[in-house]
Amino acid sequence: SPKPLGPSAPRPLCQPRRPLNLRGGQGGELSAIGLVSEDLAQTLAFYSLLGIDFKEDGSPDHLSFTTKSGLMIMVDTVKMMKSMEPDWTKPERSAITLCFEQPTPQAVDKLSETIVKSGFKVNKEPWDAFWGQRYCVAEDPDGNRIDLYASLPP
């Protein structure tokens, strides 16, 4: 049975202890996350499975989607990145994780299956985590870690 979350309980990366305040210390605000795609068609196909419908935003090499919470996710092609920064090179491995909350534990399982059936990678099949969530670790076509999770019933 899942252990309740408390002040001293371990917490997964994607479960804040309190509502997020995206205001930065110097008056800045986190408003967007940018990704770089080597194969835009594959990136769009993968993120469409997560309900993200990117739209062209000023250029066919720059697309964006705004979530219900107002956070913008942007995708730039390698070509776009090199036009802004000619010496840009793709990092060996991304250190970012994008976390997608699902409405139910069953939705985590179903989405994991859909990702695999669509030819994409799931690094860790869904499991019931000790912190009280159904959890799954996938990977987008460019190697970014994608976590899927939902609260388990009490």
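This section describes the aromatic pairs, one loop residue and one pocket of a predicted model. Local features were taken at pLDDT of at least 70 and side-chain atom pairs only at pLDDT 80 or more, whereas totals for chains, interfaces and linings use all residues. Residues are numbered from 1 along each chain as its sequence is written, and side-chain values use heavy atoms, with hydrogens and water left out.

Aromatic pairs were assigned for rings of Phe, Tyr and Trp (its six-membered ring) with centres within 6.5 Å; planes under 30 degrees apart count as stacked, over 60 as edge-to-face and the rest as tilted. The count comes to 8 aromatic pairs by this rule. The pair of F130 and W131 is edge-to-face, because the ring centres are 5.1 Å apart and the planes stand at 75 degrees. Y135 and Y149 form a stacked pair, since their ring centres are 6.0 Å apart and their planes lie at 25 degrees. Y135 belongs to strand β7 (residues 133-139) and Y149 to strand β8 (residues 145-151), so this pair ties together parts that are 14 residues apart in sequence. Strands are DSSP runs (E, at least two residues), numbered from the N terminus.

Burial was classed by relative accessible area (buried under 20%, exposed over 50%, partly exposed in between; 1.4 Å probe, protein chains only). F130 is partly exposed at 46%, while W131 is buried at 15%. Y135 is buried at 2%, and Y149 is buried at 10%. These four residues, together with W127, form one aromatic cluster. K124 lies over the face of W127, at 4.5 Å from the ring centre; this requires NZ of Lys or CZ of Arg within 6 Å of the ring centre and within 35 degrees of the ring normal.

D61 is located in the loop between β2 (55-59) and β3 (62-66) and is buried, with a relative accessible area of 18%. Leaving aside residues up to four places away in sequence, D61 touches V75, D76, T77, K79 and M80 (contact: heavy atoms within 4.5 Å).

Pockets were identified on a 1 Å grid over the protein atoms alone, as open sets of points where a 1.4 Å probe fits, with protein on both sides within 12 Å along at least five of seven lines; lining residues have an atom within 4 Å of a point. The second largest pocket has a volume (the space filled by probe spheres set on the points) of about 270 Å³. Its lining comprises 15 residues, with K90, P91, S94, D142 and N144 nearest the centre. Strand β1 (residues 32-37) supplies the largest share of this lining, 3 residues.

Technical notes
Helices (H or I, at least four residues) and strands (E, at least two) are DSSP runs, numbered from the N terminus.
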